[in-house]
Amino acid sequence: MPPHTLGCHQARVPDRVVFEHVVQARVHGSGYERIASPGCSDRTIRRRLHEWAAAGLAEELHTVARRASAQLIGLELEDLAVAGCLTKAPRGGEVAGRSPVDRGQQGLKRSVVTDATGIPRHVVTAGANRHDAPRLGPTLAGLDKLDGRPEHLTVHLDRGYAGDPTRVLLTELGFAGAISRTGVPAPIQAGSRWVVERTHSWLNAYGKLRRGTEQRRAVVDFYLFLAASLVVIRQLIQRARLRYRWPTRPTTRRLK
């Protein structure tokens, strides 16, 4: 960027530098004042973060990561798992709601759909006072962006989704449903649904998701899609390391 003619304006902070601070805030969950540095102020972090959130860059990154995973590793969409997770939101905001499991404190709920290996395919945010069943439709709507969907697809759900609206929705989408039944122990019915619970634990490793302090919906979605993108990239690296490693050369002994 060329310097200002009057010499009174500082150069724009590079996006890479700001993004590194955003990643630190997402991992540690701390305020921007704590992670600000002499080369990047907290106001710069907030301003650039709001610009990226309004442009939907995190969702685009998640789409690119999913396509790379499908190209290098492949999709396992015959079995999908959907589940919700409650987290804290002490400052409230546009998405927060009264949590039924935290003495009515403000909280967030995220709904995630994963494939058979636990790779997050789509995420949806809502208030903690929202029921899981109505979020199933928007969560499964994210599958329309995927290529190569199989004809026979089964969605694994817990007992919170049991009801006629869920069955009607799955029938309209052409999906089969495997919903847990009342009276059967959970470990027996876990089946293919445990992978989404593991994905929630991966997402809860990030401080900004465990304790959300953002109030704007766009910023909340930005951090959620960013975390989902990094989960996909991490799994892609781990699996590609084992699948595409260089073949070992056979050892030969010298004959004396």
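A salt bridge here is a side-chain nitrogen of Lys or Arg within 4 Å of a carboxyl oxygen of Asp or Glu. Glu20 and Arg16 make such a pair, with their closest N and O atoms 3.8 Å apart. Please keep in mind that this is a predicted model. The protein has 10 helices and six strands, and buried residues make up 43% of its 256 residues. Below is a friendly tour, topic by topic.

**Overall picture**

- Taking contacts between residues at least 6 apart in sequence, 67% join residues at least 24 apart.
- The protein exposes about 15200 Å², and carbon and sulfur atoms supply 52% of that area.
- The structure holds zero disulfides.
- Two cysteines worth finding in your viewer are Cys40 and Cys85: Cys40 counts as buried because its relative accessibility is 1%, under the 20% cut-off, and Cys85 is also buried, at 13%.

**Salt bridges**

- A search of the whole structure finds 11 salt bridges.
- Side chains of opposite charge can pair when their charged atoms come close.
- Glu20 and Arg16 both belong to helix α1, and because they are four residues apart there, about one helical turn separates them.
- As a general point, an α-helix has 3.6 residues a turn, so residues three or four places apart point the same way.
- Glu20 is partly exposed, with a relative accessible area of 40%, whereas Arg16 counts as exposed at 66%.
- Asp132 pairs with Lys109, and their closest N and O atoms are 3.0 Å apart.
- Asp132 lies in the loop between β4 and α5 (136-141) while Lys109 sits in strand β3, so this pair ties together parts that are 23 residues apart in sequence.
- Both Asp132 and Lys109 are buried.
- Arg121 and Asp115 meet through their side chains in another salt bridge, at 3.0 Å from N to O.
- Arg121 is buried, with a relative accessible area of 0%, and Asp115 is buried too, at 2% relative accessibility.
- Elsewhere, salt bridges that share partners join Arg12, Asp15 and Arg48 into one network.

**Helix α8 and its surroundings**

- The buried residues of α8 are Val195, Val196, Thr199, His200, Trp202 and Leu203.
- Looking down the axis of α8, you will find these buried residues within an arc of 155°, so they line one face of the helix.
- The cover over the buried residues of α8 includes strands β1 (79-88), β3 (106-114) and β4 (120-127), as well as helices α9 (207-210) and α10 (217-243).
- His200, found in helix α8, is buried, with a relative accessible area of 3%.
- Not counting residues up to four places away in sequence, His200 touches Ala83, Gly84, Cys85, Arg110 and Val112.
- Cys85 therefore turns up twice in this briefing: it is buried, at 13% relative accessible area, and it is among the residues that His200 touches.

**Two loop residues**

- Arg193 is found in the loop between α7 (186-189) and α8 (194-203).
- Although Arg193 carries a charged side chain, it counts as buried, at 13% relative accessibility.
- Leaving aside neighbours within four places in sequence, Arg193 is in contact with Ala81, His156, Leu157, Asp158 and Ser180.
- Gly31 has its place in the loop between α1 (15-28) and α2 (32-35).
- Gly31 counts as partly exposed because its relative accessibility is 28%, a value between the 20% and 50% cut-offs.
- Gly31 and Asp42 are 11 residues apart in sequence, and their C-alpha atoms are 8.6 Å apart in space.

**A nonpolar surface patch**

- Leu61, Ile233 and Ile237 form a nonpolar patch on the surface, and together they have about 210 Å² of accessible area.
- Ile233, one of the patch residues, has its place in helix α10.
- At 31% relative accessibility, Ile233 counts as partly exposed.
- Helix α10 thus appears in two settings, because it is listed among the elements covering the buried residues of α8 and it also holds Ile233 of the patch.

Methods. Residues are numbered from 1 along each chain as its sequence is written. This is a predicted model: local features need pLDDT of at least 70, side-chain atom pairs count only at pLDDT 80 or more; totals for chains, interfaces and linings use all residues. Side-chain values use heavy atoms; hydrogens and water are left out. Buried means under 20% relative accessible area, exposed over 50%, partly exposed in between (1.4 Å probe, protein chains only). Contact means heavy atoms within 4.5 Å. A disulfide is a pair of cysteine sulfur atoms within 2.5 Å. The arc is that of the directions from the helix axis to the C-beta atoms. Patches are made of residues with over 30% relative accessible area and no salt bridge: like charges are joined within 9 Å, nonpolar side chains (Val, Leu, Ile, Met, Phe, Trp, Tyr) within 5 Å. Accessible areas come from the Shrake-Rupley method with a 1.4 Å probe; for residues, only the protein chains shown count as cover.
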